[in-house]
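Trainee: I would like to take a close look at a single part of this model. Could you walk me through one helix and the interior around it?

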Amino acid sequence: MARRSLRWWFPLLILAVASAGVASTAAAADLESGPGYAPEVWSRLLERSLPVRDDGSHQLQRVRLDHGKAPSELNAILVMCDFADSLMLGRWGQVDGDFPPAAQQERYYAAHDSLYYAHQMQVLADYYSTVSAGRFQFRWTIHPRVINLPQPMGHYGNHPERGENKIEMVAAVIDSLQDEINFAAYDTYLVVHAGAGEETDILGDSPEQIYSSFLSPEDFAEANEEGLIDQPYIPCRGFADGTGIDQVLVLPETEYQDPFGDIWDGHFGSLGVYCFEVGLRLGMLSLSDFTPAGRPDSQGIGQYGLMGYGLFTGIGLIPPQPCAFNKALMGWVDVVELDPMTFGRHVLAPAQGPDDPGTIYRVSLTGQEYWLLEYRLQDADGNRAFSFPDDKNGNHVYDYWDADTPDHRPVRGGNFDASADSLESPLGGEWDF
């Protein structure tokens, strides 16, 4: 594994950090020249995607800032819902005129059912197991029944203030499943709804859509204060008196929409958004730019950290590692403290191996300020492509794997055989690519 050696005296530290930034910018140039990275696309995303980041729990983030490490695992239940005017793929056609166009159908390998989301959750779990060096595991259960809500999508996608209608949506879904699920057996709740998330509405022509969000205890308390719900939580059997569900991830069925001229087919993946919202659930800090309000003028820490705008890196299919700051807050790395006033040679291991000693160095400046140094190695094997150990056909995409074809091609056309086919695991992948 490649490493970088650092020799410094303190006045050279700023130069070292600046040089690393230049290298990162140069490395990004090749990525951003390809389809889907055109400035027009990023400009539209920058204008429209503030609400997906301006959430999270300040209480939970404060625990992390006060050195309370993230849990070693989350135990999640995923439930699905669709609407009077928009059904999940595989249920389409039950509403007149609601079947996707042929070009869109070709993008999907299977109906969006419990098996499909089991695969999506496995990829999410593989991502987090890799970036945490195995210190955090995401575990899940998928409930198979899809709840059809009586209102159209636009009712729940209405944005009066902070999207209070989403709380109405998740409360209706959970209440419909009270007799089927012991919600008290889980600590994390994912509600996946039909349709795309509004954060990828680049053209701004789908105001009925729903922004992906982590609904935190603060959100439920605010909804209670405004009279939208009777308690600051969703009451469920099995919970102690005065408690219930007050942490819910609202996630879209897909992020595929809005072709953009001749340069963009609209095919975002969902993984980046899913990982981002789980990051908020863990108490990671969102490090985007919230000023000016409603129209940020930068991307904060940018595309090189999951909790900046990294959720859209690799068109949402290859979200980068969380930055050094968030990984340290989670307790996933052992930060090495360096004395800036002494000479020395130190070996900085790539961030993609967070269990290696010397992955993150901390250099204190004052009692309240410090540098965190990390080495983001974009392409560890040097093949100029996203790589992962389970890539059976070498196409650098974690495919649904067809066991029946002579050359083991990816599954196409919805012909997935659950008894023989599988989804390639991106565990151990080059997420910083």
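Mentor: Gladly; we start with helix H9 and then turn to the nonpolar cores. This is a predicted model, in which local features need pLDDT of at least 70, side-chain atom pairs count only at pLDDT 80 or more, and totals for chains, interfaces and linings use all residues. Residues are numbered from 1 along each chain as its sequence is written, and side-chain values use heavy atoms, with hydrogens and water left out.

H9 spans residues 217-225; helices here are DSSP runs of H or I with at least four residues, strands are E runs of at least two, and both are numbered from the N terminus. Its buried residues are Pro217, Asp219, Phe220 and Ala223, where buried means under 20% relative accessible area with a 1.4 Å probe, protein chains only. Viewed down the axis of H9, these buried residues fall within an arc of 160°, so they line one face of the helix; the arc is taken from the directions from the helix axis to the C-beta atoms. The buried residues of H9 pack against helix H8 (165-176), strand E5 (213-215) and strand E6 (248-256), with contact meaning heavy atoms within 4.5 Å. After H9 comes Gly227, with a positive phi near 80°.

Now the cores. A nonpolar core is a set of buried Ala, Val, Leu, Ile, Met, Phe, Trp, Tyr and Cys residues joined through side-chain atoms within 4.5 Å. The largest has 82 residues, of which Tyr128, Phe138 and Met169 touch the most other members. Helix H6 (residues 114-131) gives the most to this core, with nine residues. A second, separate core of seven residues includes Leu338, Tyr361, Val363 and Leu377.

Conventions: Buried means under 20% relative accessible area, exposed over 50%, partly exposed in between (1.4 Å probe, protein chains only).
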